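User: I would like to learn how to read a protein model made of helices. Could we go through one together, taking one feature at a time?

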Amino acid sequence: MSTDPIYAKQLYAAAEAGTFVLTEEAARECAGHFTWYADRLVAFQDKVKAQRRLAGFGGFESAAELQAGFESKADQGYEALVHAERVAHQMAAAIFRAAGLFHEVDSANAAAQNSIAREVAEQ
């Protein structure tokens, strides 16, 4: 999976260049949707995290393989949810940048960094 949120970076660059500009009200409305989405993704991460280490499959080799397969899929799902959360925060940062809301930009970027720190701590 690519960890390069290209669209968020392009949007941020356009905001910095002044080719993407929003009013404060519009930016808060749009970024609020990305922030809400990121929060929902965290809730889903918690649910998937519980499936990353499973028990109760029994002692047969085929059961161990099945268990490992389910755990692998849960790991992949968790990583995808963390990545999507990070990109949602980066999109919010770009939108806030388009309105010159620099404090909110910093907050959104900090939230994106926190998602990375949480992912690393989980590994």
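**Reading the helices**

Analyst: Let us begin with helix length, keeping in mind that this is a predicted model. The 26 residues of H2, counted at 1.5 Å a residue, should span 38 Å, and this agrees with the 36 Å that separates its end C-alpha atoms.

User: How many residues does H3 have, and how far apart are its end C-alpha atoms?

Analyst: H3 has 38 residues, which at 1.5 Å a residue should span 56 Å, and its end C-alpha atoms are indeed 56 Å apart, so expectation and model agree. H1 can be read in the same manner: its 12 residues reach 16 Å from the first C-alpha to the last, close to the 16 Å expected at 1.5 Å a residue.

User: Which residues follow H1 and H3?

Analyst: H1 is followed by Gly 18, whose phi is positive, near 85 degrees. After H3 comes Gly 100, and its phi is also positive, near 70 degrees.

User: What describes the way two packed helices are arranged?

Analyst: Two values are used, namely the angle between the axes of the helices and the distance between those axes. For H1 (residues 6-17) and H3 (residues 61-98), the axes come within 8 Å and cross at roughly 10 degrees. Because angles under 35 degrees count as roughly parallel, H1 is described as roughly parallel to H3. On the H1 side the contact is made by Tyr 7, Ala 8, Leu 11, Tyr 12, Ala 15 and Glu 16, while the residues from H3 include Gln 90, Met 91 and Ala 94. Sorted by class, this contact of H1 with H3 has 10 nonpolar, one polar and two charged residues.

User: Are H3 and H4 roughly parallel or roughly antiparallel to each other?

Analyst: The axes of H3 and H4 come within 7 Å and cross at roughly 170 degrees, and the two helices are therefore roughly antiparallel to each other. Among the residues that make this contact are Tyr 78, Val 82 and Phe 96 of H3, together with Phe 102, Val 105 and Ile 116 of H4. By class, the contact of H3 with H4 has 11 nonpolar, four polar and eight charged residues.

User: Where do nonpolar side chains tend to be in soluble globular proteins?

Analyst: In such proteins, nonpolar side chains tend to be buried together. In this model, the largest nonpolar core has 12 residues in all, including Ala 15, Phe 20, Ala 92, Phe 96, Leu 101 and Val 105. The elements that give two or more residues to this core are H2 (24-49), H3 and H4 (102-122), and H3 gives the most, with five residues.

User: Which residues of H2 are buried, and what do they pack against?

Analyst: Ala 27, Ala 31, Ala 38, Leu 41 and Gln 45 are the buried residues in H2, and they pack against H3 and H4. Phe 34 is also found in H2, but at 26% relative accessibility it counts as partly exposed. Leaving aside neighbours within four places in sequence, Phe 34 is in contact with Ala 88, Met 91, Ala 92 and Ile 95. Looking from the other side, and again not counting residues up to four places away, Ala 92 touches Ala 31, Phe 34, Thr 35 and Ala 108.

User: Is Gln 67 buried or exposed?

Analyst: Buried means under 20% relative accessible area, and Gln 67, with 18%, is therefore buried. Gln 67 lies in H3 and touches Leu 54, Ala 55 and Phe 57, not counting residues up to four places away in sequence.

Conventions: Residues numbered from 1 in each chain as written. Predicted model: local features only at pLDDT ≥ 70, side-chain atom pairs only at ≥ 80, totals over all residues. Heavy atoms only, no water. Axes fitted to C-alpha atoms, helices over the stretch in contact; angles between N-to-C directions. Helix = DSSP H or I, 4+ residues; strand = E, 2+ residues; numbered from the N terminus. Parallel < 35°, antiparallel > 145°, perpendicular 65-115°, else oblique. Contact = heavy atoms within 4.5 Å. Nonpolar A, V, L, I, M, F, W, Y, C, P; charged D, E, K, R; others polar. Expected span 1.5 Å × (residues − 1). Core = buried A, V, L, I, M, F, W, Y, C linked by side-chain atoms within 4.5 Å. Buried < 20%, exposed > 50% of the residue type's maximum accessible area, 1.4 Å probe, protein only.
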